[in-house]
Amino acid sequence: MKKVFVMMAVLLASVTASANDNFKLTGKIDGASNDTLCIEYTILQPQKQHMVHKVAVKAGEFLFNANLKEAYSAKMYLKTNPKESLYFYLVPDEEAVFSGSLNSVDEHWSGSTFYQQYERITELQRPFNIEFVAARNDPDSIRGEKNRDINRRAHSVYMKYIEEHPDEDATATLIVYVGYEQVLPAMAKLTPEVRNGRMKSDLDSLERMFKQVLKEAAARKAVKNDTVTIGTQVPELGLKDLQGNVLELKSLRGKYVVLDFWGSWCTWCIKGFPKLKEYYAKYKDRLEIVGIDCNDTVEKWTAAVKKHNLPWLQVRSEDGITEDRFRIKGYPYKVLISPEGIVLNAYLGETADFYQYLDTAL
């Protein structure tokens, strides 16, 4: 009897969970038999979570239900063929019906309003996707120019569609395909209802990413070949400290200086602070550290300095030029400068080599 009640409780819990689902995806995959369909997407708020759902496929057919708080960009692929995957969108309060193959040439959608709109988007993209696939067989010398030509024509078509359908949620899925310089202008064409509705989180993430891309492109253009190399005199940074004053590196002559490029979002940067504090205390009479905050807002920067009780000098890079000048490819990134202002060495990541070198130098 006890086992019966336990089974009933499990079934009830299962029914209750299903009752809370606000998204349904059914489909039939061409050429598939019995398999497992993997559906992946990332939840960004309140904390980052990468979700992987495994769905049974019987004779090519499948059913997936979920409780979504917002729209997510996702991908799905068969367990037996993970190299062929299809990117699509999961949208709350919608029902999607998929048919075709798991590629951008032979995907078809129907169902509720969003997915009817989404089918029009895929129909718009299909001719260009077919051209891209065909171009894969061309020699490198031809393929590059051919792909650029396809993109130019596609961008024009996509922008026209966005201008004509700014009030449809599915139009937001087309924004990323208009070319990186046009992403933000295209996003501005969406109605406030679409921009701030179900697609908001995905669009916010896209906006942050492309603002960063544009900032980096502008920084590369500004720096050109004026980069810092080991053995040369370190240039002035022209960056402001927490009080809004420009810090001059020449004022630190006579001491070794570490430029510590970091960000409040950088896990390894934060993990490295205790060791860096240890060395700062050990060599404080001969060593100065300048923290250079990157890719942060002023609020996040100041809050992180306070939270982690960082005792050394702090400045913030707003335009990305300093990072490009020092040719930074990742974080944390540390540059050691001699008492005479000569760049001695640079280290990517939280590495023991940096501290060994510091011990040797000092």
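These questions and answers cover a predicted model of one chain.

Me: How many helices and strands are in the chain?
Reply: The chain has 362 residues. Its secondary structure combines both kinds of element. The count is ten helices and 14 strands.

Me: What radius of gyration does the chain have, against that of a compact globule of 362 residues?
Reply: The C-alpha trace spans about 75 × 70 × 40 Å along its principal axes. A compact globule of 362 residues would come near 21 Å. The chain has 26 Å.

Me: What share of the residues is buried?
Reply: The cut-off for buried is under 20% relative accessible area. Leu78, at 11%, is one residue that is buried. Over the 362 residues of the chain, the buried share is 42%.

Me: In which order do the strands of the open sheet of six strands run?
Reply: The pairing in this sheet is mixed. The edge strands are β9 (240–241) and β14 (343–348), and each pairs on one side only. The order is β9-β12-β11-β10-β13-β14.

Me: Do β11 and β12 pair in the parallel or the antiparallel sense, and which residue in β12 stands opposite Ile292?
Reply: β11 covers residues 287–293 and β12 covers residues 313–316. They pair over four bridges, in the parallel sense. Opposite Ile292 in β12 stands Val315.

Me: How many residues does the hairpin between β2 and β3 use to join them?
Reply: β2 spans residues 35–43 and β3 spans residues 49–57. The two strands pair in the antiparallel sense over nine bridges. In β3, Gln49 is the bridge partner of Ile43. The hairpin joins the strands through five residues.

Me: Which cysteines does the disulfide join?
Reply: The structure holds one disulfide. A disulfide is a covalent bond between the sulfur atoms of two cysteines. Here the S to S distance is 2.3 Å. The pair is Cys266 and Cys269.

Me: Is the disulfide of Cys266 and Cys269 right-handed or left-handed?
Reply: Handedness follows from the torsion about the S-S bond. For Cys266 and Cys269 that torsion is about 80°. The disulfide is therefore right-handed.

Me: Are Cys266 and Cys269 buried or exposed?
Reply: Buried means under 20% relative accessible area. Cys266 has 5%, so Cys266 counts as buried. Cys269 has 2%, so Cys269 too is buried.

Me: How far from the sulfur of Cys294 is the nearest cysteine sulfur?
Reply: Cys294 is buried, with a relative accessible area of 0%. A disulfide needs two sulfur atoms within 2.5 Å. Cys294 is in no disulfide. The nearest cysteine sulfur is that of Cys269, at 8.4 Å.

Me: Which helix gives the most to the lining of the second largest pocket?
Reply: This pocket has a volume of about 260 Å³ and 15 lining residues. Two helices, α6 (200–223) and α9 (321–325), each supply at least two residues of the lining. With five residues, the one that gives the most is α6.

Me: Which residues lie nearest the centre of the second largest pocket, and how many of its lining residues are charged?
Reply: Nearest the centre are Glu216, Glu323, Asp324, Ile328 and Tyr331. By class, the lining has four nonpolar and four polar residues. The charged residues number seven.

Me: What is the volume of the largest cavity?
Reply: A search of the whole structure finds one cavity of 30 Å³ or more. Its lining includes Val234, Leu249, Arg253 and Pro339. The lining divides into six nonpolar, one polar and two charged residues. The volume is about 40 Å³.

Me: How far apart in space are Leu78 and Glu193?
Reply: Leu78 lies in strand β5 (residues 72–78). Leu78 and Glu193 are 115 residues apart in sequence. C-alpha to C-alpha, the distance is 35 Å.

Me: Where is Gly197 found, and how far is it in space from Pro46?
Reply: Gly197 is in the loop between α5 (192–195) and α6. Gly197 is partly exposed, with a relative accessible area of 30%. In sequence, Gly197 and Pro46 are 151 residues apart. In space, C-alpha to C-alpha, they are separated by 18 Å.

Conventions
Residues are numbered from 1 along each chain as its sequence is written. This is a predicted model: local features need pLDDT of at least 70, side-chain atom pairs count only at pLDDT 80 or more; totals for chains, interfaces and linings use all residues. Side-chain values use heavy atoms; hydrogens and water are left out. Two strands pair if DSSP finds at least two bridges between them. On a 1 Å grid over the protein atoms alone, a cavity is a set of points where a 1.4 Å probe fits but cannot get out, and a pocket is an open set with protein on both sides within 12 Å along at least five of seven lines; lining residues have an atom within 4 Å of a point. Grid points are joined across faces, edges and corners, and a volume is the space filled by probe spheres set on the points. Ala, Val, Leu, Ile, Met, Phe, Trp, Tyr, Cys and Pro count as nonpolar, Asp, Glu, Lys and Arg as charged, and the others, Gly among them, as polar. Buried means under 20% relative accessible area, exposed over 50%, partly exposed in between (1.4 Å probe, protein chains only). The radius of gyration is taken over C-alpha atoms; the globule rule is 2.2 Å times the number of residues to the power 0.38.
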